[in-house]
Amino acid sequence: MNNNTNENASQRGAFTSKLGVVMATAGSAVGLGNVWRFPTEVGQNGGAAFILIYLLCILLLGIPVMICEFVIGRHAHTSAKAAFAKLAKGKKWRLLGLNCVLSPFFVMSFYMVVAGWTLYYMLQALIGGLGGEVDHAAQFARFSTHSWWPVACAALFMFITHWVVSRGVQKGIERSSRLMMPMLLLIIAVMVVCSLSMPGTSEGLSFLLQPDFSKVDTLVVLSAIGQSFFSLSLGMGCLITYASYFGPDTNLTRTACSVGLMDTMVAVMCGFFIFPAVFSVPGVEPGAGPGLAFITLPNVFHLAFASVPVLGYVFTVLFYMLLMLAALTSTISLHETLTAYMVEQFSMTRSRAAMWVTGSVLTLCVLCAWSFGPLSELKVAGLTLFDLFDFITSNVLMPLGGIFICLFVGWRIDRQVVRSELSHHGRLHEGLFSLFMMLVRYVVPLAITAVFLQGLLWR
Ligand code: PHE
């Protein structure tokens, strides 16, 4: 690094409060993965039994990996890419740093497309375009295959993200998370209460609360692991970057537990308003797949509240606002991971770096958006560009990143460094530390290897 870079690094921002740390990190974790992907997975994998396994995955695998990312980020005090080069000599580990640039780049390019959809649907819901006798499947097909609407929405979403990130760590990321996360939690609480007060909710509740283990097989377990990693934003450097803004007095273990708890609560609460609503309408299947949020749910909200259309309207608007807020706090963390890298690597100002990130991600994002319409025939290994980026990141780069981040902390970083990062002025129970080391050295890498192979072999 040259002098200029050092200067930039010393001017890097920091989160200023404990609440800011938790809200920003939970903001990264809580996203479309919770509101859209989790209910879909629960629906397709048999309900309560899946949720129980998912909880175990969060506790035994997700939280230890999150702690590893925190240790790396706070100790290195650099962007994710530079952290591995700083903490370990040897070229091999630098590949891990490279993963922390490529993965957020690819994830962002397809995530932004869905984020753009949520923006469009929010506006449609506001002007009443989702009520009445609308054929939701046809409406979604028309919109998602259009050549410029999805692109325009994704670009607008990207500019909002850009604006927040270019305002900086404290004024942009921390402040917006402290505003958006409570709003998001409030919306969910209102929706759970409304949904539970509808007739016919008991079927939805028993689907969520009565585990049926006969439906559980290896694939269900492996899906739960994959979902927990995606949901906690693990394996691609976002949390390493955020941890580099933590102060020395931030308790890493406690922060990881709070974020894990909040992320899980949001996911489960989304289940608690979505399934009672779905079951209150006869003939609608819970395992509706990825179309759940954009086809099934607007239809369900409309039918479930047919006798009180105003409630149907409010519920629909709130739902898409929720999706939008959740997506935004996550796209901010993806953007920040890349922006922090550009600032350090090329000694740029933050606003210039953010501009480069926005421009390059948007280019790829247009191709992903078009893979539903004008470019739907363009396939690589049988996958559209959108599916290809989703596949490469969720099934290859994220699990690989997770495995090697654990191995890095478990075997490569000095044990004393890990201990002192976790010990908070010397107060660390020896048994807990040994358990943590055992998890990150053996259990987590082996378990993720299993997901990784499943992702590659069973797709
Ligand atoms: N955790 C986010 C979600 O649940 C997705 C995400 C993955 C965000 C990786 C950042 C990094 O939607």
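Both arginine 74 and glutamate 421 are buried in this predicted model, and the two residues form a salt bridge in which the closest N and O atoms are 2.7 Å apart. Arginine 74 belongs to helix 4 (residues 48-76) and glutamate 421 to helix 18 (residues 415-423), so the pair ties together parts that are 347 residues apart in sequence. Side chains of opposite charge can pair when their charged atoms come close, and the structure holds 3 salt bridges.

Another of these pairs joins arginine 350 and glutamate 336, whose side chains meet at 2.9 Å, N to O. Since arginine 350 is placed in helix 16 and glutamate 336 in helix 15, this salt bridge ties together parts that are 14 residues apart in sequence. Glutamate 336 has a relative accessible area of 0% and is therefore buried. The pair of arginine 178 and glutamate 174, by contrast, lies within helix 9 (residues 169-196), where the partners are 4 residues apart, about one turn of the helix; their closest N and O atoms are 4.0 Å apart. With a relative accessible area of 38%, arginine 178 is partly exposed, whereas glutamate 174, at 2%, is buried.

The ligand is surrounded by 15 residues, of which Ala29, Gly33, Tyr111, Phe230 and Ser233 come nearest. Polar contacts to the ligand involve both side-chain and backbone atoms: a polar side-chain atom of tyrosine 111 lies 2.6 Å from an oxygen atom of the ligand, an N or O atom in the side chain of asparagine 34 is found 3.4 Å from a ligand oxygen atom, and a polar backbone atom of serine 231 is 3.1 Å from a nitrogen atom of the ligand. Of the 320 Å² of accessible area that the ligand has on its own, the protein covers 100%.

Serine 233, one of the residues that come nearest to the ligand, is located in the loop between helix 11 (218-231) and helix 12 (238-243). Its relative accessibility of 10% falls under the 20% limit, and serine 233 therefore counts as buried. The backbone of serine 233 has a phi near 60°, a positive value in a residue other than glycine. Most residues other than glycine have a negative phi. A positive phi, near 50°, is also found for serine 347, which is placed in the loop between helix 15 (309-346) and helix 16 (350-370).

Helix 15 also contains threonine 316, which counts as buried because its relative accessibility is 9%. Leaving aside residues up to four places away in sequence, threonine 316 touches Ala125, Leu130 and Phe301.

On the surface, Trp411, Leu432, Leu435, Met438, Tyr442, Val443 and Leu446 make a nonpolar patch of about 710 Å². Helix 19 (residues 430-457) gives the most to this patch, with 6 residues, while tryptophan 411 is located in helix 17 (residues 385-412). At 46% relative accessibility, tryptophan 411 counts as partly exposed. Helix 17 also holds leucine 407, which touches Trp93, Arg412, Val440, Arg441 and Pro445 when residues up to four places away in sequence are not counted. Leucine 407 and glutamine 170 are 237 residues apart in sequence, and their C-alpha atoms are 32 Å apart in space.

How values were computed:
Residues are numbered from 1 along each chain as its sequence is written. This is a predicted model: local features need pLDDT of at least 70, side-chain atom pairs count only at pLDDT 80 or more; totals for chains, interfaces and linings use all residues. Side-chain values use heavy atoms; hydrogens and water are left out. Helices (H or I, at least four residues) and strands (E, at least two) are DSSP runs, numbered from the N terminus. Buried means under 20% relative accessible area, exposed over 50%, partly exposed in between (1.4 Å probe, protein chains only). Patches are made of residues with over 30% relative accessible area and no salt bridge: like charges are joined within 9 Å, nonpolar side chains (Val, Leu, Ile, Met, Phe, Trp, Tyr) within 5 Å. Accessible areas come from the Shrake-Rupley method with a 1.4 Å probe; for residues, only the protein chains shown count as cover. A residue is near a molecule or strand if one of its heavy atoms lies within 4 Å of it. A polar contact is a pair of N or O atoms within 3.5 Å; within protein, one must be able to donate a hydrogen and the other to accept it, and residues adjacent in sequence count only if both atoms are side-chain atoms. Contact means heavy atoms within 4.5 Å.
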